[in-house]
Amino acid sequence: MEELARWGESLMGLARLRLEKRRAVSAEDFAEASRLKKREAQLLTQLGAVREAACAAAGGGAATEERQQLEAAKRNAVAQEDFAEAGRLKKRLKALDEQGGAEALGRKALEAAAELAAS
């Protein structure tokens, strides 16, 4: 379950970073917002790897080639701020998750993230 905790921690870190970015924009500190945007892209890439490790450790096995390609394409779309494409890819990934049972694993990761946030 260590990988699941790392995934939860990564989700919390991403949420905190996005909050910081919104605060920087509200304060019109655009240099900081830009720095945080770059860091967000890095964290999204790391989050994909952490998620894959959590899925594998939870008995989900290695992700399918299609899933890996979709995750990489989604991360790239987010980095390029092509949110329409990212949304389309997210829907395809959700359909795969529902087929493979990763939805339950995702809930566990979010629960782990909530526990970390409470501590």
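Here are some exercises with worked solutions on the structure above, which is a predicted model.

**Exercise 1. Get your bearings**

Work out which kinds of secondary structure the chain has, and how much of the chain is buried.

*Solution.*
- Start with the elements: there are five helices and zero strands.
- Read them from the N terminus and you get α-α-α-α-α.
- Next, burial: the chain has 119 residues, and 29% of them count as buried.
- Then the surface: the accessible area is about 7,700 Å², with 52% of that belonging to carbon and sulfur atoms.
- Finish with the contacts. Take those with a separation of 6 or more; 62% of them join residues 24 or more positions apart.

**Exercise 2. Find the greasy middle**

Find the largest nonpolar core and say which helices supply it.

*Solution.*
- Count first: this core has 12 residues, among them Trp-7, Leu-14, Leu-36, Leu-47 and Val-50.
- Now sort them by element. Helix H1 (2-26) and helix H2 (30-60) each put in at least two residues.
- H2 gives the largest share, with seven residues.
- Zoom in on one member, Leu-14. Skipping residues up to four places away in sequence, Leu-14 touches Glu-40, Leu-43, Leu-44 and Leu-47.
- Don't stop there, though: a second, separate core has six residues, including Ala-77, Ala-86, Leu-93 and Leu-96.

**Exercise 3. A salt bridge between H1 and H2**

Identify the salt-bridge partner of Glu-40 and decide whether each of the two residues is buried or partly exposed.

*Solution.*
- The partner is Arg-18, and the closest N and O atoms are 2.6 Å apart.
- Place both residues: Glu-40 is in helix H2 and Arg-18 is in helix H1, so the pair ties together parts 22 residues apart in sequence.
- Check Glu-40: its relative accessible area is 10%, and since buried means under 20%, it is buried.
- Check Arg-18: at 31% relative accessible area, this residue is partly exposed.
- Look for further partners: Arg-18, Lys-21 and Glu-40 are linked in a network of salt bridges.
- For the overall tally, the structure holds seven salt bridges.

**Exercise 4. A charged residue out of sight**

Glu-71 is found in helix H3 (residues 65-79). Explain why it counts as buried, and find what it contacts.

*Solution.*
- Glu-71 has a relative accessible area of 7%, which falls under the 20% cut-off, so it counts as buried.
- Leave aside neighbours within four places in sequence, and its contacts are Arg-51, Glu-52 and Leu-93.
- One of these, Arg-51, also meets the side chain of Glu-71 in a salt bridge, at 3.8 Å from N to O.
- This pair links distant parts of the chain, with Glu-71 in helix H3 and Arg-51 in helix H2, 20 residues apart.
- Arg-51 is buried as well, with a relative accessible area of 11%.
- As for the chemistry, side chains of opposite charge can pair when their charged atoms come close.

**Exercise 5. Check the geometry of H3**

Test whether the span of H3 agrees with its 15 residues, then work out how its buried residues are arranged around the axis.

*Solution.*
- At 1.5 Å a residue, the 15 residues should span 21 Å.
- The end C-alpha atoms of H3 are 21 Å apart, so the two agree.
- List the buried residues of H3: Arg-67, Leu-70, Glu-71 and Ala-77.
- Look down the axis: these buried residues fall within an arc of 130°, so they line one face of the helix.
- Compare Arg-75, which also lies in H3. With a relative accessible area of 23%, Arg-75 is partly exposed.
- Arg-75 touches Leu-44, Thr-45 and Gly-48, not counting residues up to four places away in sequence. Arg-75 and Gly-48 are 27 residues apart in sequence, with their C-alpha atoms 8.1 Å apart.
- Then see what comes after H3: Glu-81 follows, with a positive phi near 60°.

**Exercise 6. A salt bridge inside one helix**

Work out how Arg-88 and Glu-85 are placed along helix H4 (residues 83-100).

*Solution.*
- The two form a salt bridge, with the closest N and O atoms 2.6 Å apart.
- They are three residues apart in H4, so about one helical turn separates them.
- Arg-88 counts as partly exposed at 39% relative accessibility.
- Glu-85 is partly exposed too, at 27%.

Methods: Residues are numbered from 1 along each chain as its sequence is written. This is a predicted model: local features need pLDDT of at least 70, side-chain atom pairs count only at pLDDT 80 or more; totals for chains, interfaces and linings use all residues. Side-chain values use heavy atoms; hydrogens and water are left out. A nonpolar core is a set of buried Ala, Val, Leu, Ile, Met, Phe, Trp, Tyr and Cys residues joined through side-chain atoms within 4.5 Å. Buried means under 20% relative accessible area, exposed over 50%, partly exposed in between (1.4 Å probe, protein chains only). Helices (H or I, at least four residues) and strands (E, at least two) are DSSP runs, numbered from the N terminus. Contact means heavy atoms within 4.5 Å. Accessible areas come from the Shrake-Rupley method with a 1.4 Å probe; for residues, only the protein chains shown count as cover. The expected span of a helix is 1.5 Å times one less than its number of residues. The arc is that of the directions from the helix axis to the C-beta atoms. A salt bridge is a side-chain nitrogen of Lys or Arg within 4 Å of a carboxyl oxygen of Asp or Glu.
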